[in-house]
Amino acid sequence: MSNSVPTPATGRLGQMRQAYQITKRSDRNIGLILLLTFLVVGGVFAALGYFLFGTGWIGLTITIVFGLLTGTLGVLIVFGRRAEKAAYAQVEGQRGAAAGALQMLRRGWEVKPAVSFNKNQDVVHRVVGRPGIVLVGEGNPTAVRGLLASEVKKHARVGGESVPVTGIIVGMDEGQVPLTKLVKHVNKLPKKIKPAQMSELVYKLKALDAMRPAAPMPRGPVPTSMKGNRKAMRG
């Protein structure tokens, strides 16, 4: 009896299924919305194809394929946006939500959750990328502000003058970045360092992390569900 090995296709289908199940918990009409999207988008482009390519068998074949492809593309776009929105809705306000959101950053980023924390579980997460070092604080605004300022100083000493250190606090108050906009905000930061500098920087920061106690990150569905959605959207 041989063990079946999952192929990339079945892996992607599994990710899509997981993302759909997560989304349906807070977006109960997602199935109907996706069906209507497929019918409307596919129907509009199929009608366009009918007028462009005519009624011959070649024209009809092109029209059908055109409608199916555009309908499927429309479904993927709508599903991606609603799945991301649902993922944020499920974790917003929970400890560790920012860490889960940062896991949705694409390649080219080094994410380290909870590099610093206090007894009340206010935490600072770290992201390293082309913009340099980005420190993201979440928790009580007053307490996490001091925690973040301390980490900015420590990381500035490690990075030196050539590596900028950016501090961000997640929240809805003035000067803070909402959880739903965190990934977009980080992605839009100006690129300041080269990939070679980034690799060297990550190595230096590992030495700083080795001197710290292990962070008691909250357990639960936060990082897992959002990362699952990200994989499904990329797959």
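This briefing covers the sheet, the cores, the helices, the aromatic pairs and some backbone angles. The model is predicted. Its 4-stranded sheet is open, with strand order 1-2-3-4 and mixed pairing. Helix 7 lies across three of the strands: strand 1, strand 2 and strand 3. The largest nonpolar core holds 19 residues, and a second, separate core holds 16.

**Sheet**

- Four strands make up the open sheet, in the order 1-2-3-4.
- Strand 1 (110-117) and strand 4 (165-169) are the edges, and each pairs on one side only.
- From one strand to the next, the twist averages 25°.
- Strand 3 (residues 132-138) runs parallel to strand 4, and 5 bridges join the two.
- Within that pairing, Val134 has Thr166 of strand 4 as its bridge partner.
- Helix 7 (residues 195-210) runs at about 155° to strand 2 (123-129).

**Nonpolar cores**

- Val136, Leu182 and Val186 touch the most other members of the largest core.
- Helix 4 (97-102), strand 3 and helix 6 (182-187) each give two or more residues to this core.
- Helix 4 supplies the largest share, 4 residues.
- The second core is separate and has 16 residues, among them Val124, Val128, Ile133 and Val163.
- Val186 touches Leu102, Leu105, Trp109, Pro131, Val134 and Ile168, leaving aside residues up to four places away in sequence.
- In soluble globular proteins, nonpolar side chains tend to be buried together.

**Helix 2**

- Helix 2 spans residues 30-53, which is 24 residues.
- From first C-alpha to last, helix 2 reaches 33 Å, close to the 34 Å expected at 1.5 Å a residue.
- Its buried residues include Ile30, Leu34, Thr37, Gly42 and Gly49.
- An α-helix has 3.6 residues a turn, so residues three or four places apart point the same way.
- Gly54 comes just after helix 2 and takes a positive phi of about 85°.

**Aromatic pairs**

- The whole structure contains 3 aromatic pairs.
- One of them is Tyr20 with Phe79, a tilted pair with centres 6.4 Å apart and 45° between the planes.
- Tyr20 sits in helix 1 (residues 8-26) and Phe79 in helix 3 (residues 57-91), so this pair ties together parts that are 59 residues apart in sequence.
- Phe79 is buried, because its relative accessible area is 4% and the cut-off is under 20%.
- Tyr20, at 29%, is partly exposed.
- Another pair is Tyr50 with Phe51, which is edge-to-face: 5.7 Å centre to centre and 80° between the planes.
- Tyr50 is partly exposed at 40% relative accessible area.
- Phe51 counts as exposed at 71% relative accessibility.

**Positive phi outside glycine**

- Most residues other than glycine have a negative phi.
- Ala114 has a positive phi, near 50°, and is not a glycine.
- Ala114 belongs to strand 1.
- At 7% relative accessibility, Ala114 is buried.
- Gln121 is not a glycine either, yet its phi is positive at about 65°.
- The loop between strand 1 and strand 2 holds Gln121.
- Gln121 is partly exposed, because its 34% relative accessibility falls between the 20% and 50% limits.

Methods:
Residues are numbered from 1 along each chain as its sequence is written. This is a predicted model: local features need pLDDT of at least 70, side-chain atom pairs count only at pLDDT 80 or more; totals for chains, interfaces and linings use all residues. Side-chain values use heavy atoms; hydrogens and water are left out. Two strands pair if DSSP finds at least two bridges between them. Axes are lines fitted to C-alpha atoms, for helices over the stretch in contact, and angles run from 0 to 180 degrees between N-to-C directions. Contact means heavy atoms within 4.5 Å. A nonpolar core is a set of buried Ala, Val, Leu, Ile, Met, Phe, Trp, Tyr and Cys residues joined through side-chain atoms within 4.5 Å. Buried means under 20% relative accessible area, exposed over 50%, partly exposed in between (1.4 Å probe, protein chains only). The expected span of a helix is 1.5 Å times one less than its number of residues. Rings of Phe, Tyr and Trp (its six-membered ring) pair if their centres lie within 6.5 Å; planes under 30 degrees apart count as stacked, over 60 as edge-to-face and the rest as tilted.
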